[in-house]
Amino acid sequence: MLKIGEQVQRPLLVVFAGLSVSCLVLTAVAGYWGAQVAKSAFWGCLIFALPTLYFTLYAFRYKGSQQVALMARSFYWGQASKLSLMAMGFALVFVFVKPLIVSALFAGFCLMIPAHLVVAMFVSKGCAAVSGSAGR
């Protein structure tokens, strides 16, 4: 089991909260076009969000200049795992979710990308503010 370091807890919580809210908002907006569209968009959001959370947890396990090699390896394997989990997510949804509106599935997935960028921007600002105030 992965041990979550102190440096990961806050960003992980913020990323989880941001992706959850984005997923719910996109699903609610998709609900305007009907329940099946919302359901398909929700699956697309989850296909993006869950592997992204795994990557955040896996890649940011190490910190410090002594562990640069471990950090690089974690980023590589975290990204490879994230892409594999996304591919498996799409495969599972295509096989097991019926009926599925494919355009809504991909729209939910693609709309999570800018939502994630906005969340990441706020996480980086929040972490900079916290680390900046700790040094004073």
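Contact here means heavy atoms within 4.5 Å. The model is predicted, and local features need pLDDT of at least 70, side-chain atom pairs count only at pLDDT 80 or more, and totals for chains, interfaces and linings use all residues. Residues are numbered from 1 along each chain as its sequence is written, and side-chain values use heavy atoms, with hydrogens and water left out.

Helices (H or I, at least four residues) are DSSP runs, numbered from the N terminus. Buried stands for under 20% relative accessible area, exposed for over 50%, and partly exposed for values in between (1.4 Å probe, protein chains only).

**Three residues by exposure**

| Residue | Helix | Relative accessible area | Class |
|---|---|---|---|
| T52 | α2 | 1% | buried |
| F106 | α4 | 35% | partly exposed |
| F96 | α3 | 63% | exposed |

**Core**

A nonpolar core is a set of buried Ala, Val, Leu, Ile, Met, Phe, Trp, Tyr and Cys residues joined through side-chain atoms within 4.5 Å. In this model the largest such core has 17 residues, and those with the most contacts inside it are L19, I47, F48, F109 and M112. Helices α1 (6-30), α2, α3 and α4 each supply at least two residues of this core. Its largest share, five residues, comes from α2. Another core, of five residues, lies apart from it and includes A30, V37, A38 and A41. In soluble globular proteins, nonpolar side chains tend to be buried together.

Not counting residues up to four places away in sequence, L19 touches F48, A49, T52, L53, M112, H116 and V119. T52 belongs to helix α2, which spans residues 35-59. Beyond its neighbours within four places in sequence, T52 contacts L19, K82, M86 and H116.

**Helix α4 and the surface**

F106 sits in helix α4 (residues 102-134). Setting aside neighbours within four places in sequence, F106 is in contact with F90 and F94. The C-alpha atoms of F106 and W43 are 9.1 Å apart, although 63 residues separate the two along the chain.

Y54, L85, M88, L92, V95 and F96 make a nonpolar surface patch of about 590 Å². Patch residues have over 30% relative accessible area and no salt bridge, and nonpolar side chains (Val, Leu, Ile, Met, Phe, Trp, Tyr) are joined within 5 Å. A salt bridge is a side-chain nitrogen of Lys or Arg within 4 Å of a carboxyl oxygen of Asp or Glu. Accessible areas come from the Shrake-Rupley method with a 1.4 Å probe. Helix α3 (residues 68-96) gives the most to the patch, with five residues.

Terms used: Patch = residues over 30% accessible without salt bridge, like charges linked within 9 Å, V, L, I, M, F, W, Y side chains within 5 Å.
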